[in-house]
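Trainee: Could you go through some of the labels on this model with me? I would like to see the reasoning behind each one.

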Amino acid sequence: MRTGRPKVMLMLTTEERQRLQSLAHRSRSAPFLARRARIVLACAEGRDNKIVARTLHVTPATVGKWRGRFVRDRLEGLYDEPRPGARRTITDEQVEQVIIRTLETTPRGATHWSVRGMAKATGLSRMAISRIWRAFGLQPHRSETFKLSPDPLLVEKVRDIVGLYLNPPEHAAVFCVDEKPQIQALDRTQPLLPMQPGQVERRTHDYMRHGTTSLFAALNAKTSEVITQFHRRHRSVQFREFLDLIDARVPRHLDVHIIMDNYGTHKTALIRNWFAKRPRFHIHFTPTYGSWLSLVERWFAELTNKQLRRGAHHSVSQLKAAIQAFIEAHQANPKPFVWTKTADQILASIARFAQRTVEVQAAQPTHKARTIGTGH
């Protein structure tokens with residue numbers, strides 16, 4: 001009578017039993033790992049493989065496999081072994097060549113590489129090029145703009161304005177003030193086709209102009225509430241009228257800190273005299289090309305994105321009504337823009353950008369001017 005190959009006795013230590021019970025019953029365990037732990041625990045009770053298989057609804061071969069793996073490798077044997085996978089078809093040298101071409105060359109007749117163009121030039125698939133670019137964070141189709149500030153007081157101005165955001169003075173209100181000039185009342189030449197299921201909104205590419213208006217705005221940096229005023233023009237006379245409105249709206253017991261850019265209207269003799277007569281007003285100019293430090297620019301971007309860019313207005317009065325509707329909706333639930341970066345972080349970022357600019361300029365070859373001689 002054949003009794004088969006004798007099974008190796010499966011004995012568990014106290015630590016192994018606790019670990020297996022945790023894997024078997026913990027809700028975060030992977031289902032396959034929990035099943036393997038239950039198989040080993042059942043076998044450790046001395047049950048036959050067929051009985052364990054019938055109890056846990058698996059095949060006897062599965063029970064034998066994980067019993068044997070545990071006897072050989074203990075707990076480590078219950079985890080899947082790493083699989084070799086398919087052999088690589090793209091070498092490190094090919095990847096390097098794709099990166100070098102992307103960074104240091106341009107295709108003939110174009111300013112940047114495309115996935116199709118690079119795939120054709122290198123002989124690799126478009127999917128391979130896409131994976132390489134994604135792995136190294138390369139996006140040749142994208143381009144952004146920048147402008148380094150040449151302001152000699154850049155450091156002082158950044159620290160001053162960021163300090164107002166992060167540590168606002170007591171008994172004072174901080175306002176970011178600017179104007180959005182020449183907002184055009186534009187109407188499309190044909191009716192707008194509204195959005196439908198499976199079809200985006202459509203509009204004509206051309207438009208008709210129906211006049212302009214200028215919007216002056218002062219954003220309270222702490223509350224995000226705005227003081228606004230419409231004007232036909234945006235000269236210093238209109239700016240003084242807007243300052244009068246701010247002066248009337250802000251309680252008299254509060255100092256007023258005004259953050260604004262270096263637009264000529266903000267620096268005329270008329271405006272300087274106005275501030276000189278009102279000692280509770282304190283002026284803070286942003287650095288040259290640094291209007292992004294003023295939070296009201298972020299509010300103007302919201303106005304453009306949510307109301308102006310896709311709006312169609314038959315007249316200036318209709319344009320003003322649309323802007324006023326946006327202002328009222330904002331005032332009903334103002335959410336402050338939270339400034340998070342410190343002055344040191346901003347200045348460090350500017351320094352890195354400036355250093356990269358210098359390095360790129362130094363790496364570019366110098367081109368001598370071509371002169372035309374007379375033959376003598």
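Mentor: Happy to; we will take a few labels of this predicted model in turn.

Trainee: Why is lysine 157 called buried?

Mentor: Buried means under 20% relative accessible area. Lysine 157 has 18%, so the label applies. This lysine belongs to helix H8, residues 154–166. Leaving out residues up to four places away in sequence, lysine 157 touches Asp151, Asn262, Phe285, Thr286 and Pro287.

Trainee: And why is isoleucine 283 called partly exposed?

Mentor: The label covers values between the 20% limit for buried and the 50% limit for exposed. Isoleucine 283 has a relative accessible area of 36%, so partly exposed is the right term. You will find isoleucine 283 in strand E5, residues 281–285. Beyond its neighbours within four places in sequence, isoleucine 283 is in contact with Ile258, Met260 and Phe275.

Trainee: What makes E3 and E5 stand at the edges of the sheet?

Mentor: Look at the order, E3-E2-E1-E4-E5, in an open sheet of five strands with mixed pairing. Strand E3 (226–231) and E5 each have a single partner strand, so each has one side without a neighbour in the sheet. On average, neighbouring strands here are turned by 25° against each other, direction ignored.

Trainee: How do you know that E2 and E3 pair?

Mentor: Pairing needs at least two bridges between the strands. Strand E2 (residues 207–220) and E3 have six, in the antiparallel sense, so they count as a pair. Leucine 219, for one, stands opposite valine 226 in E3.

Trainee: Which strands does H8 lie across?

Mentor: H8 lies across E1 (172–188), E4 (255–260) and E5, at about 125° to E5.

Key:
Residues are numbered from 1 along each chain as its sequence is written. This is a predicted model: local features need pLDDT of at least 70, side-chain atom pairs count only at pLDDT 80 or more; totals for chains, interfaces and linings use all residues. Side-chain values use heavy atoms; hydrogens and water are left out. Helices (H or I, at least four residues) and strands (E, at least two) are DSSP runs, numbered from the N terminus. Buried means under 20% relative accessible area, exposed over 50%, partly exposed in between (1.4 Å probe, protein chains only). Contact means heavy atoms within 4.5 Å. Axes are lines fitted to C-alpha atoms, for helices over the stretch in contact, and angles run from 0 to 180 degrees between N-to-C directions.
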